[in-house]
Amino acid sequence: MYGWIWRKLPGAIGVKALLAAVLVVGFVALLLFVIFPWVEPMLPFNDVSVQ
Amino acid sequence: MATLEKEFEGPEEGPPGGTAVLTRDAGPVAKTVRTLGELLITAGLVVLLFVVYELYITDIFSAGKQAEASSTLDDQWAKDQQRSLHPELIDGQAFARLYIPSFGADYHFTVQEGVDEKALAIGPGHYKGTALPGEPGNVGIAGHRVSQGAPFNDLDQLSSCNAVVLETQTAFFLYRVLPHDEEMQGWATGKGATPQCKGVSTLRDPNVADGGPYNQTTGRKIVLPNRGDAVSPVPYKPADILPVAQQASLLTMTTCNPQFSARERLIVQSVLVKQWQKAPGSGYQDVLKEIGDNT
């Protein structure tokens, strides 16, 4: 999978590395700002109130 | 071995020695295995990142929301000159401030109305319908123990008579944690006689065998999540057991227990011992001075 992505990236090695870094940062940002905040309420350790 | 090697080899390009080497032109099985491995490693990293998110990143997000809520609250208090006794309660909006001096002089959080996710992401939340600061009955406040700024991370560290201060637009209210179960015996002559514990009683009625309506009320208790009556006017009792005029003024803080679990709730209850009307120019620093070493 990663090999395939690497081969698909255009340009010289330097450009490839830069693009790869951008992809990684984008993926991490997607997780931190979208996916994790969405998942979090479904997990148990935030239940702090009695009902 | 021979069959295995064959599987990992490319169709024709296997090295003459017969050793399995993963090459770019590996066979379909090798490709699948490799992709699966990469996905699993990625999943592991994602889970690790989630731990980092939960423990550190949510704190940063919450700190921002808390700072915003705090300044909004200050503005509102400064602007609203009517000084109404009953704050206007808007869902998810701060209406009071909570201080626990034993957690440090700079420990303070705004208290939002409601205990839903959104309110609790800003800071501790006030159970809707429970008493307001200073009122007879029971002020119920829930807060996160881990993540989201974790305001109640150290709630289990509170000893009896530790101070908890609530600030509203008009006044400061000093609550002190009630005696723990094991301290009830001989409280009045024991720890209860120290200056720190002035005004803190066991709330037990000595004339009744079972201790009266407050016989379940204690400084620290661990209950199941369904004990919504922990924030009842008289804790763990039906709402109508005592008329309002006879109710003690209590503050109940709830959080999850044990840490990282939803199995139980930690309940810390305290009683109102003193209150100060806010004078112009005075603030929490003056309350701290008044409390002195008896945090």
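Two strands are said to pair if DSSP finds at least two bridges between them, and strands themselves (E, at least two residues), like helices (H or I, at least four), are DSSP runs numbered from the N terminus. The model is predicted, so local features need pLDDT of at least 70 and side-chain atom pairs count only at pLDDT 80 or more, while totals for chains, interfaces and linings use all residues. Residues are numbered from 1 along each chain as its sequence is written, and chains are lettered from A and ligands numbered from 1 in the order in which they are written.

**Exercise 1. Describe the strand pairing around β8 of chain B.**

Begin with the strand itself, which covers residues 249-257 of chain B and has 8 of its 9 residues buried; here a residue is buried if 20 or more other C-beta atoms, placed from the backbone, lie within 10 Å of its own, exposed if 12 or fewer, and partly exposed in between.

Next, take the parallel partner: strand β4 (residues 137-142) of chain B is joined to β8(B) by 6 bridges, and within this pairing I141(B) has M253(B) as its bridge partner.

Then take the antiparallel partner, strand β9 (residues 264-277) of chain B, which 8 bridges join to β8(B); in this pairing T254(B) is matched with I267(B).

Finally, look at the connection, where β8(B) and β9(B) form a hairpin with 6 residues between them, and where F260(B) in the turn has a positive phi of about 70 degrees. P258(B) also lies in the loop between β8 and β9 of chain B, and the peptide bond that joins N257(B) to P258(B) is cis, with omega at about -15 degrees.

**Exercise 2. Locate C161(B) and Y236(B), and state the burial of each.**

Start with C161(B), which has a positive phi of about 75 degrees although it is not a glycine. Its place is in the loop between β4 and β5 (163-167) of chain B, and C161(B) counts as buried because 26 other C-beta atoms lie within 10 Å.

Turn then to Y236(B), again not a glycine, with a positive phi of about 65 degrees. Y236(B) lies in the loop between β7 (220-223) and β8 of chain B, and it counts as partly exposed because it has 19 C-beta neighbours inside 10 Å.

**Exercise 3. Work out how chain A is built and what it offers to chain B.**

First, the secondary structure of chain A comes to 2 helices and 0 strands. The radius of gyration of chain A, taken over C-alpha atoms, is 18 Å, well over the 10 Å that the globule rule (2.2 Å times the number of residues to the power 0.38) gives for 51 residues, so chain A is more spread out than a compact globule. Along the principal axes, its C-alpha atoms fill a box of roughly 60 × 20 × 10 Å, and 8% of the 51 residues of chain A count as buried.

Second, the contact with chain B takes 15 residues from chain A and 31 residues from chain B, two residues being in contact if their C-beta atoms, placed from the backbone, lie within 7 Å. Helix α2 (residues 13-39) of chain A supplies the largest share of the chain A side, 4 residues. By class, that side has 11 nonpolar, 3 polar and 1 charged residues, where Ala, Val, Leu, Ile, Met, Phe, Trp, Tyr, Cys and Pro count as nonpolar, Asp, Glu, Lys and Arg as charged, and the others, Gly among them, as polar.

Third, take P225(B) as one residue of chain B that meets chain A: leaving aside neighbours within four places in sequence, P225(B) is in contact with D47(A) and V50(A), and also with A262(B), E264(B) and R265(B). P225(B) sits in the loop between β7 and β8 of chain B and is partly exposed, with 17 other C-beta atoms within 10 Å.

**Exercise 4. Identify the centre of contacts in the largest nonpolar core.**

A nonpolar core is a set of buried Ala, Val, Leu, Ile, Met, Phe, Trp, Tyr and Cys residues joined through C-beta atoms within 7 Å. The largest has 53 residues, and V165(B), Y175(B) and L251(B) have the most contacts inside it. For V165(B), once neighbours within four places in sequence are left aside, the contacts are Y99(B), P101(B), F172(B), F173(B), L174(B) and V287(B).
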